[in-house]
Every structure is written in structure tokens, then in C-alpha cells.
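Trainee: Could you take one part of this model and go through it closely with me? I'd enjoy a connected account rather than a list.

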Amino acid sequence: MAEDVNGAVPALPRRLVVGISGASGAIYGVRALDALRELGVESHLVVTRAALLTLSQETDLSADDLMGRADVSHRLNDVGASIASGSFRTMGMIVAPCSVRTMGEIATGVTSTLLTRAADVMLKERRPLVLMVRETPLHLGHLRTMTALAEMGAVIAPPLPAFYAKPASIAEMVDQSVGRALDVFGLDWAAVKRWDGLKGPAGE
Ligand SMILES: Cc1cc2nc3c(=O)[nH]c(=O)nc-3n(C[C@H](O)[C@H](O)[C@H](O)COP(=O)(O)O)c2cc1C
């Protein structure tokens, strides 16, 4: 990050970009927005058309319900939006969930929407970019794309359940994955159940 004339690094605004693409698990994006609200972090949302489809298939939420959870909601084709520029300072971006189509587009740098442009900005500005990629099984092209993105500095964070947290519901599984992804930005969401070492006879 750029230093000022005194050599100090200015604090970043508590502001995060949230992209929701059309992989299964729109609820991950919904809960990321809820978490940011609880944490007092300004959220900037951009959603793909396919994500609105999965939202309607997987939840009872409308597009308006989703947008209403964000502080700022941007149109997908608005490449003139604030988040399209590196000069608009943010803590980074999470794509939750991230489809392999969106992942592939981010990896090429040939971006066609505000979502992928915003992600490209994170990479060029060396800001954290967390991709909750959801697809299975993965073919070699998917794996190579993930490798390329990891080499560019992105964090590949597939939403996989942590059974050690003993989730009692799908909601708890979702929140654990979202919270662990938010850890990358230094955000500590209360919903996360943290491992604190083995307890009892096996670990004393
Ligand atoms: C119900 C449903 C579930 C889907 N699940 C996935 C998925 O888990 N991962 C994925 O990469 N694509 C999935 N897709 C396909 C994507 O939505 C599709 O490739 C779309 O073009 C992605 O566009 P986007 O990246 O602009 O959101 C799903 C589509 C539907 C309708």
C-alpha cells in the first residue's frame, strides 16, 4: 500500500466489496452481507444475473431483499461505479459464492462486468481477493485456473464444512465458512466456532 510523505500507511476504510455469482450457495453471499452489517463494515454489492437465479431457486429472498442487505448496491453493467477504480479504497473483495465462469473471467483479466472488473482491481492493487469457488468435481482446467489465481494473490476459499465445529444446522455450516473467509480481511465474526486445541482424554 502507498505510504504518505511521512512514511505512514493510511488506515483503509472499513469497506468491503461483495460479489455474488451464480454458483450454488447464494446464501453465502447473503450471510456475508449480514456479517458485514454486524461488524460495522460498509458493504458494496454486485450480483450476476445467474446469482439472482440461484437466489430464487435456493432461498425465499427476492433480489430486493438481497440488495437491501447491502449498504451500496451496484448494477452489474455499471463499469463506471466507484468499485471499478483502484482509487476507491476498500479492504478487499469477497466473491461468495464464486462460479467457475466468474473465476475463469477473473483469471484472464478480460473482464466483462463490474463484478469481475472489481475483482481485477483487487489483484492489481494487491488487496485481498477471496473467492469462495463452488463446483464439484473439478477438472484440470478449473484446478489450473485456481493455481493461476493463487499465483496472482487471490485466496481460493471453497465453502467446505468444518466438521470439527460440530455444526447443528446448514445455517451454522454456512456461517462458519463465511466467517472463516472473512478472517482473511482481519474481520472476526462472532458466528465462527474456533478450534482451541484438543480437549479431554485425547488432548488433555
Ligand atoms: C441452480 C444452479 C446451480 C448452479 N451451481 C453452480 C455451481 O455450483 N458452480 C458453478 O460454477 N456454476 C453453477 N451453476 C451454473 C452457473 O450459474 C452458470 O455457469 C452461469 O453462467 C454463471 O454465471 P456468473 O459467473 O456470471 O454468475 C449453477 C446454475 C444453476 C441454475
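Mentor: Happily! Let's start with α4 and α5, whose crossing is right-handed (the near helix is turned clockwise from the far one by less than a right angle; anticlockwise would be left-handed). Before going on, please keep in mind that this is a predicted model, in which local features need pLDDT of at least 70 and side-chain atom pairs count only at pLDDT 80 or more, while totals for chains, interfaces and linings use all residues. Residues are numbered from 1 along each chain as its sequence is written, and side-chain values use heavy atoms, with hydrogens and water left out.

Helix α5 covers residues 114-124, and α4 packs against α5 at an angle of about 45°, their axes 9 Å apart. Axes here are lines fitted to C-alpha atoms, for helices over the stretch in contact, and angles run from 0 to 180 degrees between N-to-C directions. The pair α4 and α5 is therefore oblique, the class left over once angles under 35 degrees (roughly parallel), over 145 (roughly antiparallel) and 65 to 115 (roughly perpendicular) are taken out. Helices (H or I, at least four residues) and strands (E, at least two) are DSSP runs, numbered from the N terminus.

Helix α4 has another partner in α6: these two pack at about 45° with axes 10 Å apart. That makes α4 and α6 oblique as well, but α4 passes α6 in a left-handed crossing.

Now to the ligand, where α4 turns up again. G22, T48, S99, T102 and R134 come nearest among the 14 residues around the ligand, near meaning that a heavy atom of the residue lies within 4 Å. There are polar contacts too (pairs of N or O atoms within 3.5 Å). G22 uses a backbone N or O atom, 2.7 Å from a ligand oxygen. R101 places a polar side-chain atom 3.1 Å from an oxygen atom of the ligand, and E135 has a polar side-chain atom 3.4 Å from a ligand nitrogen. Taken alone, the ligand has 640 Å² of accessible area, of which the protein covers 68% (Shrake-Rupley method, 1.4 Å probe). Two or more shell residues come from each of α2 (49-58) and α4 (100-108).

Some backbone details are worth a look in the viewer. A cis peptide bond, with omega near -5°, runs from A96 to P97, and P97 sits in strand β4, residues 92-98. Another cis bond links T136 to P137, with omega near -10°. P137 belongs to the loop between β5 (129-133) and α6 (140-152). In the loop between α5 and β5 you will find R126, which has a positive phi of about 60° although R126 is not a glycine.

One further helix pair rounds this off: α1 (residues 26-39) and α7 (residues 170-183) have axes that come within 9 Å and cross at roughly 60°. So α1 and α7 are oblique to each other, and their crossing is right-handed.

Terms used: A polar contact is a pair of N or O atoms within 3.5 Å; within protein, one must be able to donate a hydrogen and the other to accept it, and residues adjacent in sequence count only if both atoms are side-chain atoms.
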